[in-house]
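Hi everyone, thanks for coming. I'd like to walk you through a structure, so have a look at it on the screen before I start talking.

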Amino acid sequence: MPRNRTSRRLAADTALLVVAVAFALPLAWVVLSAVDPHANLRVRIPDGLTWDNFHAVLTPDITYTPLLNSLVLCGGGTALTVVCAALAAYPLSRFHSRLNRPFLLAILFATSLPITAIMVPVYALFVRVNLIDTLQGTILFFAASQLPFAIWLMKNFMDGVPKELEEAAWTDGASSLQSLVRIVLPLMGPGLAVVTVFSFVMMWGNFFVPFMLLLTPDQMPASVSINDFFGNRGMVAYGQLAAFSVIYSTPVILLYVLVARRLGGGFALGGAVKG
């Protein structure tokens with residue numbers, strides 16, 4: 001028995017190590033190639049460190065404008081998603097109906113729809129309503145595509161906030177909207193953090209939607225402009241591509257660091273409700 005247990009533990013550790021290496025190698029390539037003057041597809045320690053790759057990509061056309069477009073698109077889409085998800089999840093969490101479960105199942109089904117399956121009718125619709133090649137149209141579609149899963153997440157987190165706290169606020173004359181804004185949402189900080197980070201990350205790495213809905217090069221986000229590093233006939237500027245990838249990943253990492261405390265937090269409601 002001890003030998004079998006040791007063998008299983010060794011096999012599990014080996015499998016986890018292989019998975020960790022598989023995830024670490026691409027990250028190591030990005031970091032090392034960004035400062036390698038002769039970067040290629042191999043993961044290797046650079047012979048000499050250089051910042052020329054960063055200097056080459058830190059220009060308005062290559063980095064600053066696309067990053068600003070990404071921040072506008074993803075920031076606006078995330079804010080719209082969080083607000084709409086909170087307003088939609090509140091009645092689903094607080095008011096019980098026979099239609100709640102079918103509606104939630106329909107939302108869950110909507111999350112499984114491939115984006116490519118609905119892109120053609122969406123493109124035709126945006127052409128009709130003059131939203132094609134506009135940042136606001138892309139923000140609306142970003143929010144609509146992330147809203148189903150955001151509502152599902154928000155509703156589950158909202159169920160953890162005791163309704164008795166709202167009833168006490170209602171007794172003092174607060175409306176449902178006031179209790180949502182002043183009581184429910186502040187107490188479900190971890191839920192808001194999860195929905196915010198998840199929505200922002202999914203929008204930040206989305207290539208297909210802005211590539212289809214935006215036509216003007218000056219409006220392209222960084223997720224699309226990164227394609228410019230792949231030249232014709234297989235020529236790729238690996239060093240500049242790695243440097244741009246490091247810069248491109250920075251906002252997402254900073255967002256996660258800023259909300260990390262709330263992501264790991266819980267609902268500090270112990271003793272808030274007495275029987």
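Let's begin with a question: how far is the sulfur of C84 from the closest cysteine sulfur? Keep in mind that this is a predicted model, so everything I say is computed from it. The answer is 16 Å, and the partner in question is C74, which is too far for a bond. A disulfide would need the two sulfur atoms within 2.5 Å. Turn it around and look from C74, and the closest cysteine sulfur is the one in C84, again at 16 Å and too far for a bond. So the disulfide count comes to zero. While we're on these two cysteines, check their surroundings: C74 is buried, at 2% relative accessibility, whereas C84 is partly exposed, at 30%.

Okay, next stop: T81. You'll find T81 in helix α3, which runs over residues 60-94. Is T81 buried or exposed? It's buried, with a relative accessible area of just 1%. What does its side chain reach? The side chain of T81 gets to the backbone oxygen of G77, at 2.7 Å. Leaving out residues up to four places away in sequence, T81 also touches A143, Q146, L147, A150, S199 and M203.

Hold on to Q146, and let's move to the pockets. Rolling a probe the size of a water molecule over the atoms shows where empty space is left. The largest pocket holds about 380 Å³ of space. Its lining has 15 residues, and Q146 is among those nearest the centre, along with T111, L113, I115 and S145. The elements giving two or more residues to that lining are α4 (100-111), α5 (115-128), α6 (135-158) and α9 (189-204). Which one gives the largest share? That's α6, with six residues. And what sort of residues line the largest pocket? Eleven are nonpolar, four are polar, and no charged ones turn up.

The second largest pocket has a volume of about 290 Å³. Here 14 residues make up the lining, with D61, P66, P217, S225 and D228 nearest the centre. Helix α3 is back: α3 and α11 (222-225) each supply at least two lining residues, and α3 has the largest share, six residues. By class, the lining of this second pocket has seven nonpolar, four polar and three charged residues.

Since α11 just came up, let's look inside that helix at S223. S223 counts as buried, at 7% relative accessibility. A polar atom of the S223 side chain lies 2.8 Å from the backbone oxygen of N206. Setting aside residues up to four places away in sequence, S223 touches S70, W204, N206, F207, P210 and Y248.

Last stop, the backbone. Most residues other than glycine have a negative phi. Now look at the loop between α5 and α6, where you'll find N130. N130 isn't a glycine, and its phi is positive, near 60°. N130 is also exposed, with a relative accessible area of 63%. D133 lies in the loop between α5 and α6 too, and its phi is near 60°, again a positive value in a residue other than glycine.

That's my tour, thanks for listening!

Technical notes. Residues numbered from 1 in each chain as written. Predicted model: local features only at pLDDT ≥ 70, side-chain atom pairs only at ≥ 80, totals over all residues. Heavy atoms only, no water. Helix = DSSP H or I, 4+ residues; strand = E, 2+ residues; numbered from the N terminus. Buried < 20%, exposed > 50% of the residue type's maximum accessible area, 1.4 Å probe, protein only. Polar contact = N/O pair within 3.5 Å; in protein donor to acceptor, adjacent residues only side chain to side chain. Contact = heavy atoms within 4.5 Å. 1 Å grid on protein atoms, 1.4 Å probe; cavity = no way out; pocket = protein on both sides within 12 Å on 5 of 7 lines; lining within 4 Å. Points joined across faces, edges and corners; volume = space filled by probe spheres on them. Nonpolar A, V, L, I, M, F, W, Y, C, P; charged D, E, K, R; others polar.
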